[in-house]
Amino acid sequence: PRFNIAPTQAVPVVRIDPRQPETGRQLVALRWGLIPAWAKDPAIGNRMINARAETVAAKPAYRAAFRRRRCLVPADGFYEWQTVAGKKQPHFIHIADHRPFALAGLWESWEGPDQARIESFTILTTEPNDVVRTIHNRMPVILDQTDYDLWLDPAVGEADVLTPLLIPYPPDSMSGYPVSPEVNNARHQDPSCVEPIR
């Protein structure tokens, strides 16, 4: 169990093995914060934890990965922060029946001057649904389970086929509640992170 995943950490994602696509899906740990293959400094990934669904197909940092290197980021919830009386109040948002789901992601492989390789990913975001809108102006793209195969297929790269999947999740299937500000510190990593507070 992971209760407080933060950018730059290694996170399990599901993708098609780029070396053996015929073997199907694989679960691998990638660094959260996409580092484009052309980047000179891997620190750029610290600022690329999210990609806007509306522009991802055209942005130079993401478009190659969008065409060929998409992934699923398994989760059972995510945090968003609401400004309340000048302070950031975290909320835990989840599917109403608490089942796991998958966020839409892109992954990339970067090789440094010393041939060290870093594989990294970013999470796509979209307009918020009615559950998230009162908390934040963006939300991660939660893919419908019936779209997993299409999203992962490296043979599909057309924006007009993929972008219709990148929509807000139905709000009547989601719920959320305030949680402790302890989640603002990634060292806090226990079930109390997702417990509701008054």
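How many bridges join strand 3 to strand 8? Select residues 50-52 for strand 3, then add strand 8. You will find 3 bridges, and the two strands run parallel. Keep in mind that this is a predicted model.

**Stop 1: strand 8**

Select residues 117-126. This is strand 8, and it is mostly covered. Of its 10 residues, 7 are buried. Now pick Ala51 and look across to strand 8. Its bridge partner there is Leu124.

**Stop 2: the other partners of strand 8**

Add residues 25-32, which form strand 2. Strand 2 pairs with strand 8 in the parallel sense, over 2 bridges. Click on Trp32. Its bridge partner in strand 8 is Phe121.

Next, select residues 139-140 for strand 9. Here the direction is antiparallel, and 2 bridges join strand 9 to strand 8. Thr126 has Met139 in strand 9 as its bridge partner.

**Stop 3: the hairpin**

Select residues 101-111 to show strand 7. Strand 7 and strand 8 pair in the antiparallel sense over 7 bridges. Find Gly105. Opposite Gly105, in strand 8, stands Ile123.

Follow the chain from strand 7 to strand 8. The two strands form a hairpin, with 5 residues between them. Click on Gln115 in the turn. Gln115 has a positive phi of about 65°.

**Stop 4: Glu108**

Stay in strand 7 and select Glu108. Is Glu108 buried or exposed? Glu108 counts as buried because its relative accessibility is 6%, and the cut-off for buried is under 20%.

Show the side chains of Glu108 and Arg69. A polar contact of 3.0 Å joins them. Then display what surrounds Glu108. Beyond its neighbours within four places in sequence, its contacts include Leu34, Ile35, Pro36, Ala37 and Ala65. Ile118, Glu119 and Ser120 are also among them.

**Stop 5: an open sheet**

Move to another sheet. Select strands 5, 6 and 10. They make an open sheet of 3 strands in the order 5-6-10, with antiparallel pairing. Why does one side of strand 5 and of strand 10 lack a neighbour in the sheet? Strand 5 (78-84) and strand 10 (174-178) stand at the edges, and each has a single partner strand, so one side is left free of a neighbour in the sheet. From one strand to the next, the twist averages 35°.

Finish with strand 6, residues 87-95. Strand 6 runs antiparallel to strand 10, and 5 bridges join them. Pick Ile93 and look across: Gly176 in strand 10 stands opposite.

How values were computed. Residues are numbered from 1 along each chain as its sequence is written. This is a predicted model: local features need pLDDT of at least 70, side-chain atom pairs count only at pLDDT 80 or more; totals for chains, interfaces and linings use all residues. Side-chain values use heavy atoms; hydrogens and water are left out. Helices (H or I, at least four residues) and strands (E, at least two) are DSSP runs, numbered from the N terminus. Buried means under 20% relative accessible area, exposed over 50%, partly exposed in between (1.4 Å probe, protein chains only). A polar contact is a pair of N or O atoms within 3.5 Å; within protein, one must be able to donate a hydrogen and the other to accept it, and residues adjacent in sequence count only if both atoms are side-chain atoms. Contact means heavy atoms within 4.5 Å. Two strands pair if DSSP finds at least two bridges between them. Axes are lines fitted to C-alpha atoms, for helices over the stretch in contact, and angles run from 0 to 180 degrees between N-to-C directions.
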